[in-house]
Amino acid sequence: AYIKVQDGCNQFCTYCIIPYARGRVRSRKIAHVMDEVHALAAKGYKEVVLTGIHLSSYGVDFPAEEKETLLELIRAVHQVEGILRIRLGSLEPRIITREFAEGIAALPKMCPHFHLSLQSGCDTTLERMNRRYRSAEYAEKCGLLRKYLGNPALTTDVIVGFPMETEEDFQDSYDFVESIHFYETHIFKYSRRHGTKAAAMSGQLTEAQKAVRSDKMLALNEQHAKEYEKSMLGGELKVLLEEEVEINGEQWYIGHSMEYIKTAVKKQDNYSVNDIITVKAEEFLEEHTLTGEVLGVE
């Protein structure tokens, strides 16, 4: 179940219309969110995904005397009986402090899967985008997550072809993405949004230039995804089964691990959709889909 805990954004990135379309940050109080979480647990939901337009801003709009933080919200959800997994929507890197990383690492229901918005690995481009961090700080935040959570799945977004992005700028971004070794990188070709600062910038790139850069990033993403999935072979994955499908004439259950790796197991009578099972990852059933022996059912 997806639970929207926050709306709006105060960041005003130069390519983005959201602050104008959705307004400033507005957060839901923890008590209000918890009513929804308890109702979902009663209906049998086992995993919740906390989402927002700018999730990292959760709570910044509360008065000082009523302050509540995202970490406090996560801890409250963690206490709900029946909710066995918590996943987070997209985060800004600056929310990843040592306190935050230590805090979530202490919560066994927390999925080690984090989507940290990047947009570019080039500091010059990040400045033009009005992003609030630079590449070295971003790398430091990834390091914190890996320090406290072992081998979490790190995913991100990258925009290619931003106005005035030179070949050197793109190469800096490409090299940075390569150095972080994300599990998945979602690639977007820059698209003008009327009313944003970037739409009026000089140095707009052609669609052909954007396509070439997108293709390079997509190839890198494919390489990294396979590397991360292969690193799971031989280990145990906790998989929430989500649906029954037919593959090559046989019935399979498909689900995702806590790291959000797609995993398939043959249909059996001792487990079903919405069960959480432990799978020893042994091989690829299909591209980007692991399979293996079922070791147990929670």
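**View 1. D7 and its salt-bridge partner K4.** In this predicted model, D7 is buried, with a relative accessible area of 18%. Its salt-bridge partner is K4, and the closest N and O atoms of the two lie 3.4 Å apart. K4 counts as partly exposed, at 37% relative accessibility. Look a little further around this pair and you will find a network: K4, D7, R22 and R26 are joined by salt bridges that share partners.

**View 2. K29 and E66, a salt bridge between two loops.** Here the closest N and O atoms of K29 and E66 are 3.8 Å apart. K29 sits in the loop between β2 (26-27) and α2, while E66 belongs to the loop between β3 and α3, so the salt bridge ties together parts that are 37 residues apart in sequence. K29 is partly exposed, with a relative accessible area of 27%, and E66 is partly exposed as well, at 40%.

**View 3. R213 and E167, a salt bridge between two helices.** R213 pairs with E167, with 3.4 Å between the closest N and O atoms. The two residues come from distant parts of the chain, 46 residues apart: R213 is in helix α8 (residues 207-231) and E167 in helix α7 (residues 167-180). Their surroundings make a nice contrast, for R213 counts as buried at 4% relative accessibility, whereas E167 counts as exposed at 52%. The count for the model comes to 20 salt bridges.

**View 4. Helix α3 within its surroundings.** Seven of the nine residues of α3 (residues 70-78) are buried, so this helix is largely enclosed by the rest of the structure. The buried residues are L70, L71, L73, I74, A76, V77 and H78. They pack against strands β1 (2-7), β3 (47-52) and β4 (85-88), and against helices α2 (30-42) and α4 (98-105).

**View 5. Helices α3 and α4 side by side.** The axes of α3 and α4 come within 10 Å and cross at roughly 5°; the two helices are therefore roughly parallel to each other. From α3, the residues L70, L71, I74 and R75 meet E99, F100, G103 and I104 of α4. The residues of this contact divide into five nonpolar, one polar and two charged.

**View 6. A closed barrel of five strands.** The strands run in the order β8-β9-β10-β12-β11, with mixed pairing. On average, neighbouring strands are turned by 45° against each other, direction ignored. Strands β11 (residues 276-286) and β12 (residues 289-297) run antiparallel and are joined by eight bridges. To find your way along this pair, start at F284, whose bridge partner in β12 is L290.

How values were computed: Residues numbered from 1 in each chain as written. Predicted model: local features only at pLDDT ≥ 70, side-chain atom pairs only at ≥ 80, totals over all residues. Heavy atoms only, no water. Buried < 20%, exposed > 50% of the residue type's maximum accessible area, 1.4 Å probe, protein only. Helix = DSSP H or I, 4+ residues; strand = E, 2+ residues; numbered from the N terminus. Contact = heavy atoms within 4.5 Å. Axes fitted to C-alpha atoms, helices over the stretch in contact; angles between N-to-C directions. Parallel < 35°, antiparallel > 145°, perpendicular 65-115°, else oblique. Nonpolar A, V, L, I, M, F, W, Y, C, P; charged D, E, K, R; others polar. Pairing = 2+ DSSP bridges. Salt bridge = Lys/Arg side-chain N within 4 Å of Asp/Glu carboxyl O.
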